[in-house]
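Trainee: I would like to take a close look at one part of this structure. Could you walk me through the surroundings of the bound ligands, and then show me what else is worth finding in the fold?

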Amino acid sequence: MPPLASFLLDRDGTVTDKAVEHYRMRAAGGPAMIIMEACAVSREGIVSFHQARIDEDRFVEGLSKIVRVVKAEGAIPAVQIHHGGRQTSVKVIGRRPLAPSPLPCPAIRGEVEALTVSGIRELVQKFGDAAVRVREAGFELLELHGAHGYLINQFLSPYSNIRQDAYGGDLEGRTRFAREVLQEVRRRLGPDFPVSFKISAQEFVSNGLTLEESIAALKILIPEGIDMVQVSAGNDATPEWICQPMFMKKACLADSARAVKKAVNIPVMSVGRINDPFIAERIIAEEKADLVCIGRGLLADPEMPKKAEEGRFDDIRTCIACNTCMESIFKKGRVECLVNPTLGREQEMAILPARNPRKIMVVGGGPGGMDASWVAAQRGHRVDLYEKGPALGGQLIPGSATTYKKEMLSLIRFQSKQMRRYGVRVHLNREIQPEDVLSEKPDVVIVATGSLPAVPRLEGIEHEIVCPFSSVLDGKRPLPRETVVIGGGPTGCEVAFHLSEQGCPVTVVEMLPKAGKGLEAINKKVLFAKLAAKGVRFLTGCRPLRITAQGVWIKEAADKERFLPAGRVVLATGIRPNTALYDRIKDMGFEVYRIGDCLEPRTAKDAILEGARLGRIL
Ligand SMILES: Cc1cc2nc3c(=O)[nH]c(=O)nc-3n(C[C@H](O)[C@H](O)[C@H](O)COP(=O)(O)OP(=O)(O)OC[C@H]3O[C@@H](n4cnc5c(N)ncnc54)[C@H](O)[C@@H]3O)c2cc1C
Ligand SMILES: Cc1cc2nc3c(=O)[nH]c(=O)nc-3n(C[C@H](O)[C@H](O)[C@H](O)COP(=O)(O)O)c2cc1C
């Protein structure tokens, strides 16, 4: 398991019981080694509140608790040490961020201060002090974070290092900081303590590190005491190469690991969208790397290695690379996962046998209803799930229609498998009416009936060219027509992508000043680049006025009216809760619960969390 910031620590970086349990569970799942998340070596190197820290002795005790549980579960406890450099803010560290050169972080954009030579020396000492604490806490391997546009990477790369002194310029100069850090770590830990180095072998920015230059840098650095290298990619301008979204191919960095492996004589770890044990196996078999790192895959399912070993492949809850984890650490200050509601809630979400097994009727076979069903059935309840459509999956079915979202289907497969495993009785093509509830006489009814498209009040909405988004994402090949999509939220953007992939010219009309509100940042960046490449036109700050048989009249920001010719108009104007059944049964005297979009239209993540919670408390 590579380092994955969980931020399940106190605001000041103190290790919490939650963090200990998080790592215990991951170790119990069977990985050979766990590299604990990046721990800051210095107060001004912290990138966010809740980041793990190793810059003071007081953190050692907490870190040693993680070491103990990881070892007790049979994995090697390792840890990454880290300095954020320019990738932080005054708000977090109380001063201007320090970096090799005064170039602002492209993502944060605040003012940055160039390190002085004495400042650099102080930092080198701090890396050494942190290394001693690594050993004191009991870790058995130390990893230096030399990747992802953080301080060491900033020094290595001409993209972020424009110093004229001995710490900049040619590769010799740009590797100097890393060399001094390695020398100090070795001086303090001796020659035998295993040290790994994580590198962004390709930064994918102009003037950034290329594979060739990274290999040259590694050849300079390895003799200073690196025992193993983790080959990653990306920096603060290219986060899509750090946490590769669902658009990227699986194991997309394995070939760069192979190139490094061919050039160096130490073990190489490959990381990046290795979310499946078969792919992991292939990387090793093809000798692309000596070790594979599975990051988000173990957030989604900590037991993936164990399940693979036991041949229980379809019990694996696969990471879909939605990057909810990345988004949640920075937006919520703690890690969360769309497919795994227990992540970060390991203690509160334990599954205990039901004290009083009951007859439960679940209405709706979307992600919410499915999770509630199998969890309740696992606990011993008798569960029947009714779905009015011919298949399970709910809105995830249109939600996985576009090419880059096919992996969402793995979530439906996982939930369906768990329902079979725990004996949920599934009734497809059964639309439940209040009379059915009366005749079934369940002890509990879970209403998970999802949502309905919100149809805007627009003149001409009845024209034949108008259709809801669901009819475009129905799995059939759409006719090649010029299309106007009304609504530029996540669904509108997805529809636009889908149609543009089929060769349709697409214009998206959005009332807000920007389209894509609600999309996760990294997926959004890649999606919008692809939409632009496909020529999708966005008209933001515009309101649709009326639809005709030939297109749509809109009002632009300057109150100008404009006609957009179209052979198809797709409505992606939001959804509203489908409460028809709930409203009619809520006062009938049953114990009734509502979950997911039927409560309030949001995301599959919310629906699954609510289902998972309800399944545990009934
Ligand atoms: C195009 C698209 C893309 C999306 N992409 C994402 C994404 O990337 N990430 C994300 O987190 N979320 C995404 N979502 C949202 C997500 O799919 C929903 O939030 C989620 O499916 C809600 O789950 P649910 O179980 O509450 O309801 P639903 O998935 O809507 O399921 C409700 C089910 O109930 C059934 N039903 C309704 N009434 C009855 C009845 N009376 N009897 C029997 N069955 C009934 C329906 O047929 C349906 O199958 C997307 C949605 C769409 C439309
Ligand atoms: C939530 C999250 C936190 C991360 N934190 C770190 C970190 O602390 N140090 C690091 O080197 N990489 C970090 N990464 C990157 C991962 O180690 C890994 O390189 C990346 O997620 C790609 O691998 P994966 O597809 O197996 O997840 C993080 C990634 C995620 C999603």
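Mentor: Happy to; we will go through the two ligand sites, then two sheets, and end with an aromatic pair. Keep in mind that this is a predicted model.

Let's start with ligand 1. Around this ligand there are 36 residues, and the ones that come nearest are Gly368, Glu387, Gln395, Lys405 and Asp597. Take Gly368 and look at its backbone: an N or O atom there lies 2.9 Å from an oxygen atom of ligand 1. The backbone of arginine 602 also has an N or O atom facing an oxygen atom of the ligand, at 3.3 Å. For alanine 448, again with a backbone N or O atom and a ligand oxygen atom, the distance is 3.5 Å. How much of the ligand does the protein cover? On its own, ligand 1 has 1,000 Å² of accessible area, and the protein covers 89% of it.

Now ask which helices help to build this shell. Helix 14 (367–378), helix 15 (396–399), helix 19 (490–501) and helix 22 (604–617) each supply at least two of its residues. If you colour the shell around ligand 1 by class, you will find 12 nonpolar, 15 polar and 9 charged residues.

Next, move to ligand 2. This ligand has 21 residues around it, with Pro3, Gln80, Arg273, Gly295 and Arg296 coming nearest. Glutamine 80 uses its side chain: an N or O atom there is 2.7 Å from a nitrogen atom of ligand 2. Alanine 5 takes part through its backbone, where a polar atom is 2.8 Å from a nitrogen atom of the ligand. Alanine 38 also offers a polar backbone atom, this time 3.2 Å from an oxygen atom of ligand 2. Taken alone, ligand 2 exposes 600 Å², and the protein buries 96% of that.

Which helix gives the most to the shell around ligand 2? That is helix 13 (residues 324–332), with 3 residues. By class, the shell around ligand 2 counts 12 nonpolar, 6 polar and 3 charged residues.

With both ligands placed, let's turn to the sheets. Strands of a sheet pair through backbone hydrogen bonds, and they can do so parallel or antiparallel. You can find an example of each here.

The parallel example is an open sheet of 5 strands in the order 16-23-17-18-19. Strand 16 (466–468) and strand 19 (537–540) each have a single partner strand, so one side of each has no neighbour in the sheet. On average, neighbouring strands of this sheet are turned by 25° against each other, direction ignored. For a close view of one pairing, pick strand 17 (residues 483–486) and strand 23 (residues 568–571), which run parallel and are joined by 4 bridges. One bridge to look for links isoleucine 486 with leucine 571 in strand 23.

The antiparallel example is an open sheet of 3 strands, ordered 20-21-22. Its edges are strand 20 (543–548) and strand 22 (561–565), each pairing on one side only. Here, too, the average turn between neighbouring strands is 25°, direction ignored. Strand 21 (residues 551–555) is joined to strand 22 by 5 bridges, and these two strands run antiparallel. To find one of them, start at lysine 555 and look for its bridge partner in strand 22, glutamate 561.

Finally, the aromatic rings. The structure holds 13 aromatic pairs, among them phenylalanine 204 with tryptophan 241, which are stacked at 4.0 Å centre to centre with 20° between the planes. Why does this pair tie together separate parts of the chain? Phenylalanine 204 sits in the loop between strand 7 (195–202) and helix 8 (211–221), and tryptophan 241 in the loop between strand 8 (228–233) and helix 9 (254–263), so the pair links parts that are 37 residues apart in sequence.

Methods: Residues numbered from 1 in each chain as written. Chains lettered and ligands numbered in written order. Predicted model: local features only at pLDDT ≥ 70, side-chain atom pairs only at ≥ 80, totals over all residues. Heavy atoms only, no water. Near = heavy atom within 4 Å. Polar contact = N/O pair within 3.5 Å; in protein donor to acceptor, adjacent residues only side chain to side chain. Areas by Shrake-Rupley, 256 points an atom, 1.4 Å probe, with all protein chains shown as cover. Nonpolar A, V, L, I, M, F, W, Y, C, P; charged D, E, K, R; others polar. Pairing = 2+ DSSP bridges. Axes fitted to C-alpha atoms, helices over the stretch in contact; angles between N-to-C directions. Phe/Tyr/Trp six-rings, centres within 6.5 Å; stacked < 30°, edge-to-face > 60°.
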